Amino acid sequence: MTRRHLGGLPALACVALVLTACGSPASTDATGAAHAAARPSGGTNYPAEVTNCGRTVRVEKAPERIVSFFPSNTELLLGLGLKDRIAGQTWTNQSPPKPAYATDYRKVNVLAPGEIGREALLAARPDFILADGEYQFDGKKLPTIAELAQLGVPVYIDSAFCPKTTGTATLAATTTDLTALGTLLDARPAAHRAAAETRQRLASVDKALTGRPTTTAAMVQIVDKQLYALAGGLYSDVVRRAGGRNLLDDAVPKGSNFAPLSVEALAKKNPDVLIYHYTAAADRAASAHWLKTHLAATSAVRHNRLIAVPAADFSELRAVDGTVTLAKSLHPDAF
């Protein structure tokens, strides 16, 4: 998820594009209408609304053309049984899909492998957007969230990355989002099952780690040869639930969850384990080489305790997967 930290048409033209060339984004085509008629109700009475990032997100009917920003959001939608209602996805270059979702994931239309532009997004005629952060909806690259709402396209942001809670979010954000999306997307039964499984999996990790000593760790990412600390919020909560302690909590500004970090500062921390994010196989290999080269004197490198994690493992249901995987890496004898 960390590319959110590092890095079109005027609004009136946008309205014209949506209402003429593309049709109304909130309209449902014949195929969508057929899906809606055949789909069992998930228990939602429409219109429905929830609070998200301090805003009210309202839908008039069950969305049929959902656009997903980020792999973990696409997998969440698949996990809720909504594969036929996903109109497209973006940022697919950030992580490979989990094996359990790979077949359906690869069938979802890729609107952009990375950042999407205004025209491409609106051309997909979305009636709902599930996004990993607010950072792209700046009124330039993409319409603002308010502009999209006026066009009938509500936007829901991953709760763990709402601006005011980024630095304090925990894994509880996952069940918050499941509950909200179950309501908005008419998928309450599936959302309830996923939330129950989430709680059970995390409880199993807690039980397995009871009485185990905490492992000191540092979570980082290397982008364009610059080292970044990933700490606070969901990042550090995942490390904590996995039986570790992120030594970089004091290296990021309050309310944030990332910051540039010097090699010297990280070496001085001397963590037992280095956890590093990657986006693809080449990035994984390059990051491992960089860490081994620049931090050779640290305990983590000397004892070969470098743990590679996909960037998408720190959002939504994949954050639970990431916690379980990290716990097994930090404390293999506990499982």
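**Exercise 1. Strand β3 and its partners**

Task: In this predicted model, which strand pairs with β3 over 3 bridges, and in which sense? Then look for the other partner of β3 and for the way its side chains point.

Solution.

Step 1. Find β3 at residues 66-69. Its partner over 3 bridges is strand β6, residues 128-131, and the two pair in the parallel sense.

Step 2. Pick out one residue of this pairing: Ser-68 has Leu-130 as its bridge partner in β6.

Step 3. Now turn to strand β4, residues 86-90. It is joined to β3 by 4 bridges, and these two strands run parallel. Here Phe-69 of β3 has Thr-90 as its bridge partner.

Step 4. Follow the chain from β3 to β4. Together with helix α3 (residues 71-79), the two strands make a β-α-β unit, and this unit is right-handed.

Step 5. Check the side chains of β3. Ile-66 and Ser-68 point one way, while Val-67 and Phe-69 point the other way. Residues on both sides of the strand are buried.

**Exercise 2. The largest cavity**

Task: Which residues line the largest cavity, and which helix gives the largest share of the lining?

Solution.

Step 1. A word on the idea: rolling a probe the size of a water molecule over the atoms shows where empty space is left.

Step 2. The volume of the largest cavity comes out at about 40 Å³.

Step 3. List the lining: Asp-158, Ser-159, Ala-160, Phe-161, Ala-173, Thr-174, Asp-177, Ser-315 and Glu-316.

Step 4. Assign the residues to elements. Helix α7, residues 172-184, provides the largest share, with 3 residues.

Step 5. Sort the lining by character: 3 residues are nonpolar, 3 are polar and 3 are charged.

Step 6. Take a second look at Glu-316, one of the lining residues. Glu-316 belongs to helix α13. Its phi is near 55°, a positive value in a residue other than glycine. With a relative accessible area of 4%, Glu-316 is buried.

**Exercise 3. Aromatic pairs**

Task: How many aromatic pairs are there? Classify the pair of Tyr-228 and Phe-258, then the pair of Tyr-235 and Phe-314.

Solution.

Step 1. Remember what to look up: a pair of aromatic rings is described by the distance of the centres and the angle of the planes.

Step 2. The count comes to 4 aromatic pairs. One of them is Tyr-228 with Phe-258, at 6.4 Å centre to centre and 40° between the planes. Stacked needs planes under 30 degrees apart and edge-to-face needs over 60, and this pair is tilted.

Step 3. Place the two rings in the chain. Tyr-228 sits in strand β9 (residues 226-230) and Phe-258 in strand β11 (residues 258-260), so the pair ties together parts that are 30 residues apart in sequence. Tyr-228 counts as buried, at 16% relative accessibility.

Step 4. Go on to Tyr-235 and Phe-314. Their ring centres are 5.7 Å apart and the planes stand at 65°, so this pair is edge-to-face.

Step 5. Tyr-235 lies in helix α9 (residues 233-241), and Phe-314 in the loop between β13 (306-310) and α13 (316-330), so the pair ties together parts that are 79 residues apart in sequence. Tyr-235 counts as buried at 0% relative accessibility, and Phe-314 counts as buried at 1%.

Step 6. Join the rings up: Phe-161, Tyr-235 and Phe-314 form one aromatic cluster. Phe-161 also appears in the lining of the largest cavity.

**Exercise 4. Buried or exposed?**

Task: Is Thr-323 buried or exposed? And what about Arg-106, buried or exposed?

Solution.

Step 1. Use the cut-offs: buried means under 20% relative accessible area, exposed over 50%.

Step 2. Thr-323 is in helix α13. Its relative accessibility is 0%, so Thr-323 counts as buried. The C-alpha atoms of Thr-323 and Asp-237 are separated by 9.1 Å, although these residues are 86 residues apart along the chain.

Step 3. Arg-106 is in the loop between α4 (102-105) and β5 (110-112). Its relative accessible area is 62%, so Arg-106 is exposed.

**Exercise 5. Backbone details in two loops**

Task: Which peptide bond is cis, with omega near 0°? What is special about phi of Lys-225?

Solution.

Step 1. The cis bond runs from Tyr-46 to Pro-47. Pro-47 lies in the loop between α2 (30-38) and β1 (48-52).

Step 2. Lys-225 is not a glycine, yet its phi is positive, about 70°. Lys-225 has its place in the loop between β8 (215-223) and β9, and it is exposed, with a relative accessible area of 73%.

Conventions. Residues are numbered from 1 along each chain as its sequence is written. This is a predicted model: local features need pLDDT of at least 70, side-chain atom pairs count only at pLDDT 80 or more; totals for chains, interfaces and linings use all residues. Side-chain values use heavy atoms; hydrogens and water are left out. Buried means under 20% relative accessible area, exposed over 50%, partly exposed in between (1.4 Å probe, protein chains only). Two strands pair if DSSP finds at least two bridges between them. A crossover is right-handed if, with the strands pointing away from the viewer, the path from the first strand over the helix to the second runs clockwise. On a 1 Å grid over the protein atoms alone, a cavity is a set of points where a 1.4 Å probe fits but cannot get out, and a pocket is an open set with protein on both sides within 12 Å along at least five of seven lines; lining residues have an atom within 4 Å of a point. Grid points are joined across faces, edges and corners, and a volume is the space filled by probe spheres set on the points. Ala, Val, Leu, Ile, Met, Phe, Trp, Tyr, Cys and Pro count as nonpolar, Asp, Glu, Lys and Arg as charged, and the others, Gly among them, as polar. Rings of Phe, Tyr and Trp (its six-membered ring) pair if their centres lie within 6.5 Å; planes under 30 degrees apart count as stacked, over 60 as edge-to-face and the rest as tilted.
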